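Colleague: I am new to this structure and should like to learn how to read it. Might we go through it together?

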Amino acid sequence: MSLENKSANLDESRIRSLREQAAHAAKNAYAPYSHFHVGAALLLEDGHVITGCNVENASYRLTTCAEQAAIARAVVERGAHIRIVAVAIANEDATVACQPCGACRQTIAEFADPTCRIFFPADHGEHGECTLADLLPASFNAQSLQQAASK
């Protein structure tokens, strides 16, 4: 089954579970500066769910986002071949919108197809959902490099 089909076939129970796991991961965030605790849960192609949380640093630029922490953990635990089917993001204040930042969008794109579903807190406590292609319509990826090298 393709990643697109796996992503499209997620049922409400699985989506709710991903959101809950992301919310649980947010509780472990290290965010003494922003006080914005974020968690992420990745559903991998093989069915495993890997979580991560943001880890801030006094040198703000060195902060690690929840999505990047989860992806790094997934690579450590499952290998460099991982493929992401879906990503759920949560923050402790579910009324505040929280989509992946630009760097996280690009990092997700390294391991996911454009059809990867992204679940996030939207405005006013609503549940938001889109695809990676919606968030990053012109991603820079391995194909971009291959095209450049072939010229």
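**Reading a predicted model**

Modeller: Let us begin with a single residue: Thr107 has its place in helix 4. Please keep in mind throughout that this is a predicted model.

Colleague: Does Thr107 count as buried, exposed or partly exposed?

Modeller: Burial is judged by relative accessible area: under 20% is buried, over 50% is exposed, and partly exposed lies in between. Thr107 has a relative accessibility of 23%, so it counts as partly exposed.

Colleague: Which residues is Thr107 in contact with, leaving aside its neighbours within four places in sequence?

Modeller: With those neighbours set aside, Thr107 is in contact with Gln68 and Ile71. For a distance across the model, take Thr107 and Glu77: they are 30 residues apart in sequence, and their C-alpha atoms are 17 Å apart in space.

Colleague: Let us turn to the whole chain. How many helices and strands does the protein have?

Modeller: The secondary structure comprises six helices and five strands. Along the sequence, they follow the pattern α-α-β-β-α-β-α-β-β-α-α. The radius of gyration is 15 Å, close to the 15 Å that the globule rule gives for 151 residues, so the protein is as compact as a globular protein of that length.

Colleague: What are the dimensions of the box that the C-alpha atoms fill?

Modeller: Taken along the principal axes, the box is roughly 45 × 40 × 30 Å. Of the 151 residues, 40% count as buried. The protein exposes about 8,300 Å², and carbon and sulfur atoms supply 52% of that area.

Colleague: What share of the contacts with a separation of 6 or more comes from residues 24 or more positions apart?

Modeller: Such residues account for 63% of those contacts. Ala90, in strand 3, offers a case to examine. Ala90 and Arg19 are 71 residues apart in sequence, yet 6.7 Å apart in space, C-alpha to C-alpha.

Colleague: Is Ala90 buried or exposed?

Modeller: Ala90 has a relative accessibility of 8%, so it counts as buried. Beyond its neighbours within four places in sequence, its contacts include Arg19, Ala22, Ala23, His37 and Pro121.

Colleague: How should I read a pocket?

Modeller: One may ask for its volume, its lining residues and the elements that supply them. The second largest pocket has a volume of about 160 Å³, and its lining includes Arg19, Ala23, Ala90, Phe120 and Pro121. Helix 2, strand 3 and strand 4 each give two or more residues to this lining. Strand 3 gives the most, with three residues.

Colleague: How does the lining of the second largest pocket divide by class?

Modeller: There are six nonpolar, three polar and three charged residues.

Colleague: Phe120 is among the lining residues you named. Where does Phe120 lie, in terms of secondary structure?

Modeller: Phe120 lies in strand 4. Its relative accessible area is 7%, so Phe120 is buried. Outside its neighbours within four places in sequence, its contacts include Arg19, Ile89, Cys98, Glu126 and Cys130. Phe120 and Arg61, by contrast, are 59 residues apart in sequence and 23 Å apart in space, C-alpha to C-alpha.

Colleague: What is the volume of the largest pocket?

Modeller: The largest pocket has a volume of about 220 Å³. Its lining holds 13 residues, and Ala109, Ala112, Pro114, Ser139 and Asn141 lie nearest its centre. Helix 4, strand 4 and helix 5 each supply at least two residues of the lining. The largest share, three residues, comes from strand 4. By class, the lining divides into eight nonpolar, two polar and three charged residues.

Colleague: Finally, how should I read the backbone angle phi?

Modeller: Most residues other than glycine have a negative phi. His35 has a positive phi, near 60 degrees. His124 also has a positive phi, of about 60 degrees, although it is not a glycine.

Colleague: Where are these two residues found?

Modeller: His35 is found in the loop between helix 2 and strand 1, whereas His124 lies in the loop between strand 4 and strand 5. His35 is exposed, with a relative accessible area of 58%. His124 likewise counts as exposed, at 72% relative accessibility.

Key: Residues are numbered from 1 along each chain as its sequence is written. This is a predicted model: local features need pLDDT of at least 70, side-chain atom pairs count only at pLDDT 80 or more; totals for chains, interfaces and linings use all residues. Side-chain values use heavy atoms; hydrogens and water are left out. On a 1 Å grid over the protein atoms alone, a cavity is a set of points where a 1.4 Å probe fits but cannot get out, and a pocket is an open set with protein on both sides within 12 Å along at least five of seven lines; lining residues have an atom within 4 Å of a point. Grid points are joined across faces, edges and corners, and a volume is the space filled by probe spheres set on the points. Helices (H or I, at least four residues) and strands (E, at least two) are DSSP runs, numbered from the N terminus. Ala, Val, Leu, Ile, Met, Phe, Trp, Tyr, Cys and Pro count as nonpolar, Asp, Glu, Lys and Arg as charged, and the others, Gly among them, as polar. The radius of gyration is taken over C-alpha atoms; the globule rule is 2.2 Å times the number of residues to the power 0.38. Buried means under 20% relative accessible area, exposed over 50%, partly exposed in between (1.4 Å probe, protein chains only). Contact means heavy atoms within 4.5 Å. Accessible areas come from the Shrake-Rupley method with a 1.4 Å probe; for residues, only the protein chains shown count as cover.
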